Amino acid sequence: MKKKYLVLFGLVLVFMPKYANAMHIMEGYLSPFWAGLWTIVSLPFVILGFRNISKMVKEDGNKKILIALMGAFVFVLSALKLPSITGSSSHPTGVGLGAIVLGPSVMSVIGMIVLIFQALLLAHGGITTLGANTFSMAIVGPFVAFGIYKLSQKAGWKKEFSIFLAAAFGNLITYVVTSFQLAMAHAGANEGFMELLVKFLSIFAITQIPLAIAEGILSVIVYNLIAGYKEEGVLAYEKNI
């Protein structure tokens with residue numbers, strides 16, 4: 001059974017669009033005002049995430065394996081990028097699955113750490129834009145995905161379909177927020193906020209909708225792999241698996 005999921009995982013990665021010379025909102029693309037504002041907005045979520053990780057690890061040290069696994073998943077997926085509008089890019093995020101498995105606040109920390117590594121090692125994103133990228137990818141995405149997953153389960157929908165919806169919409173909302181961030185930062189005399197927002201959302205949709213569907217499928221595959229390892233006792237018990 002696990003072999004089947006590994007083959008499917010490889011196929012989705014092969015056919016998922018990848019490579020570009022763009023990034024998350026790139027270094028220097030936001031003014032000091034907007035860069036500082038998004039950093040301040042993101043800070044409480046990251047602090048809460050650190051507290052929850054500390055509590056989680058104290059209660060069960062084996063959770064470190066799951067945290068590391070989700071970090072690697074987010075790093076790999078969010079590095080598969082497509083060129084998009086100036087100053088940003090399109091790519092899967094991986095945060096939806098992490099939010100289901102570990103909780104959304106934990107993913108705020110994991111997502112931020114991934115963004116720091118990508119900015120420093122891959123020139124993907126930036127340090128000055130870290131707050132804005134953290135807010136869109138590591139905060140809004142996980143919280144929306146977690147909410148959709150819980151509502152879907154409450155409605156009695158099949159778990160795999162709930163995971164697919166959560167991961168796909170967690171991905172899409174990241175780019176909706178990024179569009180808002182870019183439109184707010186660059187609205188001016190030549191182009192107003194709404195004009196820019198419609199333009200950014202339209203351009204993102206071309207690449208992001210198929211990527212969101214692919215991420216939803218991939219998240220279901222990885223979830224089933226984790227569930228298989230949990231049954232064998234390789235991974236610690238997790239209430240959402």
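# Helix packing exercises

Helix α3 (residues 63–78) packs against helix α5 (residues 104–121) at an angle of about 50°, and their axes lie 10 Å apart (axes are lines fitted to C-alpha atoms over the stretch in contact, and angles run from 0 to 180 degrees between N-to-C directions; helices, H or I of at least four residues, and strands, E of at least two, are DSSP runs numbered from the N terminus). The model is predicted, so local features need pLDDT of at least 70 and side-chain atom pairs 80 or more, whereas totals for chains, interfaces and linings use all residues. Residues are numbered from 1 along each chain as its sequence is written, and side-chain values use heavy atoms, without hydrogens and water.

**Exercise 1. Describe how α3 and α5 are oriented to each other, and which residues meet.**

Step 1. Begin with the angle of about 50°, which makes α3 and α5 oblique to each other (under 35 degrees is roughly parallel, over 145 roughly antiparallel, 65 to 115 roughly perpendicular, the rest oblique).

Step 2. Consider next the sense of the crossing, in which α3 passes α5 in a right-handed manner (the near helix is turned clockwise from the far one by less than a right angle; anticlockwise is left-handed).

Step 3. Now list the residues that touch: on the α3 side they are Ile67, Met70, Gly71, Val74, Phe75 and Ser78, and these meet Met107, Ile110, Val114, Phe117 and Gln118 of α5 (contact means heavy atoms within 4.5 Å). The residues of this contact comprise eight nonpolar, three polar and no charged (Ala, Val, Leu, Ile, Met, Phe, Trp, Tyr, Cys and Pro are nonpolar, Asp, Glu, Lys and Arg charged, the others, Gly among them, polar).

**Exercise 2. Work out how α6 packs against α2 and against α5.**

Step 1. Helix α2 (residues 32–59) crosses α6 at roughly 45°, with the two axes coming within 8 Å, and that angle makes α2 oblique to α6. The crossing in which α2 passes α6 is left-handed.

Step 2. On the α2 side, Trp38, Thr39, Val41, Ser42, Phe45 and Val46 face Gly131, Ala132, Thr134, Phe135, Ile139 and Phe143 of α6, and the residues of the contact divide into eight nonpolar, four polar and no charged.

Step 3. For α5 and α6, the axes come within 9 Å and cross at roughly 145°, in a crossing that is right-handed. Among the α5 residues in this contact are Pro104, Met107, Gly111 and Leu115, while the α6 residues include Leu130, Asn133, Met137, Pro142 and Phe146; by class, the residues of the contact are 12 nonpolar, five polar and no charged.

**Exercise 3. For serine 152 and phenylalanine 146, decide whether each is buried or exposed, or in between.**

Step 1. Serine 152 lies in helix α6 (residues 130–154) and has a relative accessibility of 3%, so serine 152 counts as buried (under 20% relative accessible area is buried, over 50% exposed, in between partly exposed, with a 1.4 Å probe and protein chains only). Beyond its neighbours within four places in sequence, serine 152 touches Trp157, Ser162 and Leu165.

Step 2. Phenylalanine 146 is also placed in helix α6, but its relative accessible area of 22% makes phenylalanine 146 partly exposed. The C-alpha atom of phenylalanine 146 is separated by 8.2 Å from that of glycine 170, which stands 24 residues apart from it along the chain.

**Exercise 4. Locate serine 179 and leucine 218, and state which residues serine 179 contacts.**

Step 1. Serine 179 is found in helix α7 (residues 159–186) and, with a relative accessible area of 0%, is buried. Once neighbours within four places in sequence are left aside, serine 179 is in contact with Leu197, Phe200, Leu201 and Phe204.

Step 2. Leucine 218 belongs to helix α8 (residues 193–231) and counts as buried at 0% relative accessibility. Its C-alpha atom and that of isoleucine 163, 55 residues apart along the chain, are separated by 9.9 Å.

**Exercise 5. Set these details within the whole chain: what pattern does the chain follow, and where does pLDDT stay under 50?**

Step 1. The secondary structure comes to eight helices and two strands, which follow one another as α-α-α-β-β-α-α-α-α-α.

Step 2. Of the 241 residues, 51% count as buried, and among contacts with a separation of 6 or more, 77% are between residues 24 or more positions apart.

Step 3. The chain averages a pLDDT of 83, and 81% of the residues score at least 70 (pLDDT is the predictor's confidence in each residue, from 0 to 100). Over residues 17–23, however, pLDDT stays under 50, and for this stretch the model has 22 contacts beyond four places in sequence.
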